[in-house]
Amino acid sequence: MNQKAVIPADKGWIEKDIREFPGSPAARIGDGWMLITTGNLKEGKDNWNTMTASWGGLGVLWGRNVAFMFIRPTRYTFDFANAASLFSLSFFDTSYRKALEFCGSRTGRDTDKAAETGLTPLVFEEGKAAGGIGFKEASEVIVCRKLYTHDFDPTGFLDPSIEKNYPEKDYHRMFIGEVLTLKVYQGV
């Protein structure tokens, strides 16, 4: 599916240290949700996809600030995440809840999520975030460089009730990325 073409991010986006991320990451991700976006714009303006996620986190690993997210192999974003070196996590205020619900319940295989929701995809062209894809309407965008992936193995579930999350046996792949920057919109 051809996705809405991205536009260059304007100068209103400033880089901040990830340690200045506002609020509790658990609340922002688990309750507020985020859009995971990844792709390779060098291969074409529409070679990207986004999906809603409420599982993930921020922390420190290997002496680096990291973000981690999870994608099932059945999701359209999965192949984009595997192929790309960057991924972003975009956060929105509550007025965008319906857009996030839409992006979590439709596939980019046959739906242009940005066009359907009115979200405006953008690409950061300069600085640490160069090549990262986010959304103009987001309040924050975290751009990460992929460091590690790992597939969940159900034999490692120590609590048997976890298995109920996988009726189709489509176990997530974990993606860990080094946080390159936190982009915050301050206006032009």
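Lys-169 is placed in the loop between β10 and β11, and in this predicted model the residue has a positive phi of about 60 degrees although it is not a glycine. The side chain of Lys-169 also takes part in a salt bridge, meeting that of Glu-163 at 3.1 Å, N to O. That pair belongs to a wider set, for a search of the whole structure finds nine salt bridges. The points below take up the charged pairs, including two that join parts far apart in sequence, and then the backbone.

**Salt bridges between separate elements**

- Lys-183 and Glu-15 meet through their side chains in a salt bridge, with a distance of 3.9 Å from N to O. Because Lys-183 lies in strand β11 (residues 173-185) and Glu-15 in strand β2 (residues 13-16), this pair ties together parts that are 168 residues apart in sequence.
- Within this pair, Lys-183 is buried, with a relative accessible area of 6%, whereas Glu-15 is partly exposed, with a relative accessible area of 33%.
- A salt bridge is also formed by Glu-140 with Arg-28, and the closest N and O atoms of these two residues are 2.5 Å apart. Glu-140 is part of strand β10 (residues 140-151) and Arg-28 is part of helix α1 (residues 25-30), so parts that are 112 residues apart in sequence are tied together by the pair.
- Both partners fall under the 20% limit for a buried residue: Glu-140 counts as buried at 8% relative accessibility, and Arg-28 counts as buried at 18%.

**The loop pair and a network**

- In the salt bridge of Lys-169 with Glu-163, the acidic partner, Glu-163, is partly exposed, with a relative accessible area of 23%.
- Arg-64, Arg-145 and Glu-178 are joined into one network by salt bridges that share partners.
- As a general point, side chains of opposite charge can pair when their charged atoms come close.

**Backbone with positive phi**

- Most residues other than glycine have a negative phi.
- Trp-33, a residue other than glycine, has a positive phi near 70 degrees, and its place is in the loop between α1 and β3 (34-39).
- Lys-169, with its positive phi of about 60 degrees, likewise sits in a loop, the one between β10 and β11, and this residue brings the two topics together through its salt bridge with Glu-163.

Terms used:
Residues are numbered from 1 along each chain as its sequence is written. This is a predicted model: local features need pLDDT of at least 70, side-chain atom pairs count only at pLDDT 80 or more; totals for chains, interfaces and linings use all residues. Side-chain values use heavy atoms; hydrogens and water are left out. A salt bridge is a side-chain nitrogen of Lys or Arg within 4 Å of a carboxyl oxygen of Asp or Glu. Helices (H or I, at least four residues) and strands (E, at least two) are DSSP runs, numbered from the N terminus. Buried means under 20% relative accessible area, exposed over 50%, partly exposed in between (1.4 Å probe, protein chains only).
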